[in-house]
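Subject: Structure for you, plus what turned up in it

Hi,

Here is the structure I promised to pass on. Have a look at it first, and then read on for my notes.

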Amino acid sequence: LSLLLTASLYCMEGDTDLQFLLVGGDLLKVRSSSWKKTRFYKLQEDCQTMWHESKKTFKFNQTFSIKDISAVRAGRQSEGLRKNTEEPVEGRCFSIIFKGRRKNLDLMASSEEEAKQWVTSLEKIMSNMENLNSQQKTEHWIFNCLRKADKNSDNKLSLEELKDFLHQINIEVDDQYAEKLFQECDQSKCGHLAGDEIEHFYSLLTHRQEIDTIYGEYAKTTGFMSAENLLEFLIKEQREEATLADAHRLINKYELDDKAKEKQLMTQDGFLMYLHMPEGLVLNPTHKAVHQDMSQPMNHYFISSSHNTYLMEDQLKGPSSTEAYARALIKGCRCVELDCWDGSDGEPVIYHGYTLTSKILFKDTIKAIKEYAFKTSDYPVILSLENHCSVEQQRVMAQHMSSILGSALLTSPLGDQMPTDFPSPEELKGRFLVKGKRLTKLEACFGPEETAGDDGSLTEEEEDDKEEEEEEKKKATEGKKLKLAKELSDMVIYCKSVHFNGFQDAKDNLGFYEMSSFKERKAMALAEESANSYIRHNVDKLSRIYPSGTRTDSSNYNPVPLWNAGCQIVSLNFQTSCNDMDVNQGRFLTNGKTGYILKPAYMRDLGSEFDPITLTAGPWLQHKTLHLMIISAQQLPKVNQKKTSIVDALVKVEIHGVPADTADKETPYIGNNGFNPMWNENFKFDVYVPELALVRFVVEDHDSVTDNDFVGQFTVPFTSLQMGYRQVPLLNKEGDPLPSAGLFVHIMIMDA
């Protein structure tokens with residue numbers, strides 16, 4: 001099909017929901033109780049950009065791209081709408097939630113029916129774009145660049161418009177080459193490209209020489225790949241244990257030409273389609289779903305965890321929001337933090353104490369957590385309470401958790417006798433666990449209760465912070481004793497917070513359910529100096545790590561050394577995009593994005609001799625050699641949106657794991673080509689502990705004067721790599737997919 005026809009297909013011409021968006025309509029934009037203004041919203045002809053018109057200026061402004069929307073929520077679900085509108089307009093309201101840090105767009109329609117139409121239509125086009133295959137996304141993107149380059153909208157391309165188009169898709173060519181390309185396609189010799197000529201231009205543009213070479217080597221049946229040829233490729237190059245039935249399945253699934261499919265042949269287009277599908281990607285598709293044993297004790301897993309989850313930005317004056325909990329939970333986070341303080345009108349609030357961060361109601365937070373806890377993962381969520389409230393407001397906290405979370409809140413141990421170990425994530429599916437202080441030992445659930453301290457009080461300890469003068473000052477203002485309400489205390493079952501007095505003390509005196517929190521500096525020191533002791537401690541206890549209080553900008557630390565020491569709850573600032581969050585996302589990419597990753601067997605053994613620092617002989621040593629060729633990249637986005645700016649692309653490959661495995665290498669940069677740069681660069685890495693290793697592919701825009709600019713990345717567990725010729729999808733700095741962009745690589749893993 002021509003590009004214009006393809007675009008019409010993507011727009012699903014004739015679909016009533018999408019036609020509704022293309023026509024558009026008035027909506028009330030809500031910013032505050034006093035700022036509510038009418039805006040005219042409509043979908044552009046590219047079917048991916050929403051624009052709005054101000055009634056005051058009568059100017060159209062680009063508002064957002066459909067691909068930037070995370071969700072559309074009907075009703076008064078956002079904080080803004082709950083605060084700035086009344087309950088009777090519930091059915092007329094909806095919110096557009098964006099990826100990254102962009103604020104929600106709160107809107108109100110003129111009727112409930114119209115609001116439903118907006119929500120339904122937006123969700124449909126989001127789903128439509130999400131379900132496009134890689135080739136369709138590429139064609140859609142190229143078409144939109146062509147449409148923008150066609151300044152006079154005559155569906156033709158002049159030479160100047162072609163040059164502009166090449167800049168838009170990230171290619172810098174000299175005038176002589178552009179003119180040569182134009183003349184080659186201008187078969188009618190009329191000075192512009194139209195119809196079949198644009199299609200020919202598109203074919204030249206998207207032609208991939210490396211695919212020609214690979215396909216040509218195996219297309220041994222009248223110029224095509226037979227099922228037998230494809231099977232040879234799967235076994236020899238992709239190192240798969242494939243059968244002829246697998247080859248037939250791939251042909252039936254991905255071949256685009258019906259005549260070829262009837263003959264059980266795969267054309268080059270079908271072969272390219274296969275390479276962009278899950279079977280052809282770098283991530284083993286069987287690892288995308290839950291594939292690990294989920295019946296082990298909960299502390300035998302790495303658990304995706306967030307620090308100060310309520311914050312959207314920095315730790316000093318940034319906004320707190322229930323939306324931050326929704327975003328973290330949707331990303332698969334399974335441990336969220338709630339800093340609880342006394343609020344007005346007897347209602348506890350959440351904010352970063354002693355700072356100017358805004359406050360949100362505890363009850364609203366619990367409602368948001370309940371709403372989003374199990375949308376991405378069915379496995380348990382830990383509510384980590386930092387409790388600074390009076391006894392009276394602690395009772396209110398307990399009441400809110402009980403009434404809102406209901407039977408999903410775990411309030412007693414599983415079984416009818418005192419447990420000796422944690423239940424499994426499988427046993428705790430759909431449940432909430434409270435982490436915090438507790439007045440009694442857990443054994444009290446099965447016998448007479450004992451109180452701790454006078455009048456039911458517990459010593460407040462900020463675990464690793466007690467030596468710091470500033471924290472001591474804060475404690476002095478709060479008093480040395482924190483009164484604890486029995487109602488709240490009784491909700492703490494498997495995650496009782498206690499002070500850490502050393503590994504031997506923990507072994508001799510603490511129950512399995514008594515856990516400590518460690519500031520990053522203390523945890524890093526233990527992981528470096530006493531790694532094996534830390535690993536053994538974490539075989540039957542839980543450990544939580546959190547960032548230093550000096551990270552007021554919400555920056556993060558490297559979680560890898562803590563995972564190497566067996567620490568389960570390594571909490572990061574989810575609101576901050578950085579290398580450390582990329583690695584965290586890679587760690588929890590597999591196993592169905594459940595937020596739980598089973599630790600290696602040698603980290604679940606009380607007698608383990610594993611030490612990631614000294615790395616003595618043992619079952620953890622499985623020395624592998626990774627041979628990696630970075631072949632090419634496709635459709636890299638422009639980092640600098642200036643018309644003349646073109647990406648100078650280079651690729652870095654990083655290995656994250658035990659110190660002996662940590663390494664990085666990079667390709668040279670390819671100047672002025674972000675559309676289809678080619679390197680054919682070979683790397684070799686030694687990986688000694690593959691079960692703890694992660695591989696991070698990073699694409700940067702080279703800059704000889706300043707630091708390189710980030711373009712995209714993808715991080716994958718070493719044990720989830722597929723061998724052979726593989727496509728590597730790229731994610732932006734927020735961790736969301738970059739449509740069409742990717743790397744093409746060849747991977748070989750051998751026993752050393």
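Below is what I found, going site by site.

One thing up front: this is a predicted model, so please read everything here in that light.

**The annotated binding site**

The UniProt record, an unreviewed entry, lists a "binding site" at Ile646, Asp648 and Asn672. The stretch from one end of that set to the other covers 27 residues of sequence, but no pair of their C-alpha atoms is more than 6.5 Å apart, so the three gather at one spot.

Asp648 sits in the loop that runs between strand S23 (624-634) and strand S24 (649-656). Is it buried or exposed? Its relative accessibility is 18%, and because the cut-off for buried is under 20%, Asp648 counts as buried. Leaving out residues up to four places away in sequence, Asp648 touches Tyr669, Ile670, Gly671, Asn672, Glu700, Asp701 and His702. Asn672 is thus on that contact list, and the side chain of Asp648 also reaches the backbone nitrogen of Asn672, at 2.7 Å.

Asn672 itself belongs to another loop, the one between strand S25 (663-666) and strand S26 (678-687). With 35% relative accessibility, Asn672 is classed as partly exposed.

**Two residues with positive phi**

Most residues other than glycine have a negative phi. Two that you may want to look at are Lys593, with a positive phi of about 50°, and Gln635, also with a positive phi of about 50°. Neither Lys593 nor Gln635 is a glycine.

Lys593 is in the loop between helix H23 (579-587) and strand S22 (596-598), and is partly exposed at a relative accessible area of 43%. Gln635 is placed in the loop between S23 and S24, which is where Asp648 is found too. Gln635 is buried, with a relative accessible area of 10%.

**The Y-box stretch and Asn573**

UniProt (again an unreviewed entry) puts the feature "domain: PI-PLC Y-box" at residues 488-604. In the model, the chain over residues 488-604 is 37% helix and 20% strand, and the C-alpha atoms at its two ends are 32 Å apart.

Asn573 lies in the loop between strand S21 (569-572) and H23. How much of Asn573 is accessible? Its relative accessible area is 1%, so Asn573 is buried. Its contacts, not counting residues up to four places away in sequence, are His307, Gln315, Pro547, Ser554, Ser555, Asn556 and Met581. With His307 there is a polar contact between side chains, at 3.0 Å. Asn573 and Ala328 are 245 residues apart in sequence, while their C-alpha atoms are 9.6 Å apart in space.

**The loop between S5 and H3**

Arg76 is located between strand S5 (69-74) and helix H3 (79-84), in the loop there. Ser78 is in the loop between S5 and H3 as well. Arg76 counts as buried at 13% relative accessibility, and Ser78 counts as buried at 4%.

What does each of them touch, setting aside residues within four places in sequence? For Arg76 the partners are Leu81, Arg82, Thr85, Glu86, Glu87, Val89, Glu90 and Cys93. A polar contact of 2.9 Å links the Arg76 side chain to that of Thr85. For Ser78 the partners are Ser95, Asn104 and Asp106, and the side chains of Ser78 and Asp106 form a polar contact of 2.8 Å. For a sense of scale, Arg76 and Asp258 are 182 residues apart along the chain, and their C-alpha atoms are separated by 49 Å.

**A helix pair: H9 and H13**

Two packed helices are described by the angle between their axes and the distance between the axes. Here, the axes of helix H9 (residues 209-218) and helix H13 (residues 268-275) come within 11 Å and cross at roughly 110°. H9 and H13 are therefore roughly perpendicular to each other.

On the H9 side the contact is made by Ile211, Asp212, Ile214 and Tyr215, which meet Gln268, Phe271, Leu272 and Leu275 of H13. By type, the residues of this contact divide into six nonpolar, one polar and one charged.

Cheers

Technical notes:
Residues are numbered from 1 along each chain as its sequence is written. This is a predicted model: local features need pLDDT of at least 70, side-chain atom pairs count only at pLDDT 80 or more; totals for chains, interfaces and linings use all residues. Side-chain values use heavy atoms; hydrogens and water are left out. UniProt positions are given in the numbering used here, feature names are shortened, and annotations may be inferred rather than shown by experiment. Helices (H or I, at least four residues) and strands (E, at least two) are DSSP runs, numbered from the N terminus. Buried means under 20% relative accessible area, exposed over 50%, partly exposed in between (1.4 Å probe, protein chains only). Contact means heavy atoms within 4.5 Å. A polar contact is a pair of N or O atoms within 3.5 Å; within protein, one must be able to donate a hydrogen and the other to accept it, and residues adjacent in sequence count only if both atoms are side-chain atoms. Axes are lines fitted to C-alpha atoms, for helices over the stretch in contact, and angles run from 0 to 180 degrees between N-to-C directions. Angles under 35 degrees count as roughly parallel, over 145 as roughly antiparallel, 65 to 115 as roughly perpendicular and the rest as oblique. Ala, Val, Leu, Ile, Met, Phe, Trp, Tyr, Cys and Pro count as nonpolar, Asp, Glu, Lys and Arg as charged, and the others, Gly among them, as polar.
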